[in-house]
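Visitor: Could you walk me through one small part of this protein up close? I'd like to see how a single piece fits in with what's around it.

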Amino acid sequence: MTSAHILVLGAGPAGAAVALGLNRLGYRVSVVSEWRRFEAVEGISQRVLDGLYHAGLRRAADSAAAPSAREVYWNGTRQTLNTEFLLDRRAFDHALRQDLQAAGIAVIEAKVRTLVSDTQGHQVQLDGPDGTGMIAADFLVEARGRLAPLSGKGLRGPETLGLLNTWQGAPGPHGSAVESMEDGWVWMARLADGRCYWQLTLDVASAELPGKDQLAGFCATRRTSALVLDFFGAHAQQKAAVHARTSTATLCLETSGGNWLRVGDAAMAVDPLSGNGIFQSLSSALQAPAVIHTLLTRPDRVQLAQRFHQRRIEHLFHRFARIGRDFYAMEQRWAERPFWQARRTWPDQQPIHVASGFEQLRVEKAPVINGDEIDEADVVVSPDQPLGIWHLQGVELAPIVQALQQGPGTDVLNTLAPEQRHMLRGWLLAQGYR
Ligand code: FAD
């Protein structure tokens, strides 16, 4: 293990998950973060909760409310869909810091003012109650979310603005709802203590927005749909505080260097419609400790580790962008309106899943996570799995696919334990192997 000091900028889910992972590998890690400046509520799925526990963020996961129904009014149809877990972001962010502190990781409450970096290390100027002055680090993890300064080239989706309205209603059952509109869509949530959230998402290029001092009035005139009145009842029209923020999808095309790495929203931020922001931020953060460990200890694998991180970030980004696109395309009442037109075709026309036959499977060398490091291995690649699969429940796939492609009648599966054979047969059938 090296004695490198790793500094993580930002204590959101991504920064917290990376810091815990590096701590487990024995690195000296500190986290610098300021608090979010506004109240927010977000919805996550069971899969994200599982991911938080898996990352060691137990207190953060426990801060989620019990599952509640999500009403969806989209394309003229109203239905109650899968359950969702509401996160009061202030409580969630507090719990993330508690998880870090419980693991013995120093969390410095401060704003990062400036950052000077070269190949030898980083000098970060801080400003805050816990620290003013400079802090030095050998390796830097950029996890300041959407507030991270952009670096290098990037890709942006249609410019999108979120207008978050918050107010206090009466205590009652918690829940959430989504509603499409001619010029955008709305997500609304109610917490058990009566706090109400209504967030309007608009297209920056085509929205007819008033000046800043008129925003609250503008939002109040929009908070009048039948669903809003049902959902918030007598409190729907109460005076609200308004916070405007960008929710444009962004992808960074350079997410690492020899001594730095971007994770979470700082690497790629998805459209909130996908409801997968925290999922993607955890995904990039969970792979990061192995990438960083490789960058620090295996000079011969620096490019491999960087390629691994970048390919996975870009793959996740396109997957969620296409999920969002297909959901936008389901709203057909205003397909020609600028908001919907711009989003129903972005980022491309490629389907989320590409059907392929067994003969299209290829074996290629690709970067993989092997224990705590990035390694290179033979993986099975298909049009639907361009990053390749190395193992399936502990079984290495490449030798099996290669043997079966050489001709039928091979007994390669017979060497496996019965349950592995059964699982492999199921996978092969799904790939079109007969
Ligand atoms: P963040 O959670 O943003 O954490 C970054 C941290 O860095 C923050 O604590 C911040 O205060 C700190 N920081 C920033 N700048 C500095 C600085 N200069 N100095 C020190 N500290 C700094 N995701 C979901 O899963 N479900 C949802 O319902 C959902 N709704 C969303 C709605 C909107 C409108 C938006 C914009 C996003 C939504 N998301 C949602 C996405 C989700 O919020 C993010 O994907 C997730 O929080 C990203 O995690 P992160 O750790 O990368 O960054």
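Guide: Let's take strand β1 and follow its contacts, then step back to the wider layout. Keep in mind that this is a predicted model. Strand β1 covers residues 5–9, and 4 of those 5 residues are buried, so "mostly covered" is a fair label for β1. Now look at who sits beside it. On the one hand there's strand β2, residues 28–33, which pairs with β1 in the parallel sense over 5 bridges. To pick out one of the contacts, find Ile 6: its bridge partner in β2 is Val 29. How does the chain get from β1 to β2? It goes through helix α1, residues 13–24, and this β-α-β crossover is right-handed. β1 also pairs with strand β10, residues 139–142: the two run parallel and are joined by 4 bridges. Here, try Leu 7, which stands opposite Leu 140 in β10. While you're looking at side chains, a handy rule: in a regular strand they alternate between the two faces of the sheet.

Okay, zoom out. The domain assignment splits the chain into domain 1 (5–154 + 249–333), domain 2 (160–246) and domain 3 (358–430). The centres of domain 2 and domain 3, taken over C-alpha atoms, are 49 Å apart. For a residue to contrast with the buried ones in β1, go to Leu 229 in helix α6, residues 226–232. Leu 229 counts as partly exposed because it has 13 C-beta neighbours inside 10 Å. From there to Asn 414 you'd cross 185 residues in sequence and 63 Å in space, C-alpha to C-alpha.

Methods. Residues are numbered from 1 along each chain as its sequence is written. This is a predicted model: local features need pLDDT of at least 70, side-chain atom pairs count only at pLDDT 80 or more; totals for chains, interfaces and linings use all residues. Domain bounds come from an automatic or database domain assignment. A residue is buried if 20 or more other C-beta atoms lie within 10 Å of its own, exposed if 12 or fewer, and partly exposed in between; C-beta atoms are placed from the backbone. Two strands pair if DSSP finds at least two bridges between them. A crossover is right-handed if, with the strands pointing away from the viewer, the path from the first strand over the helix to the second runs clockwise.
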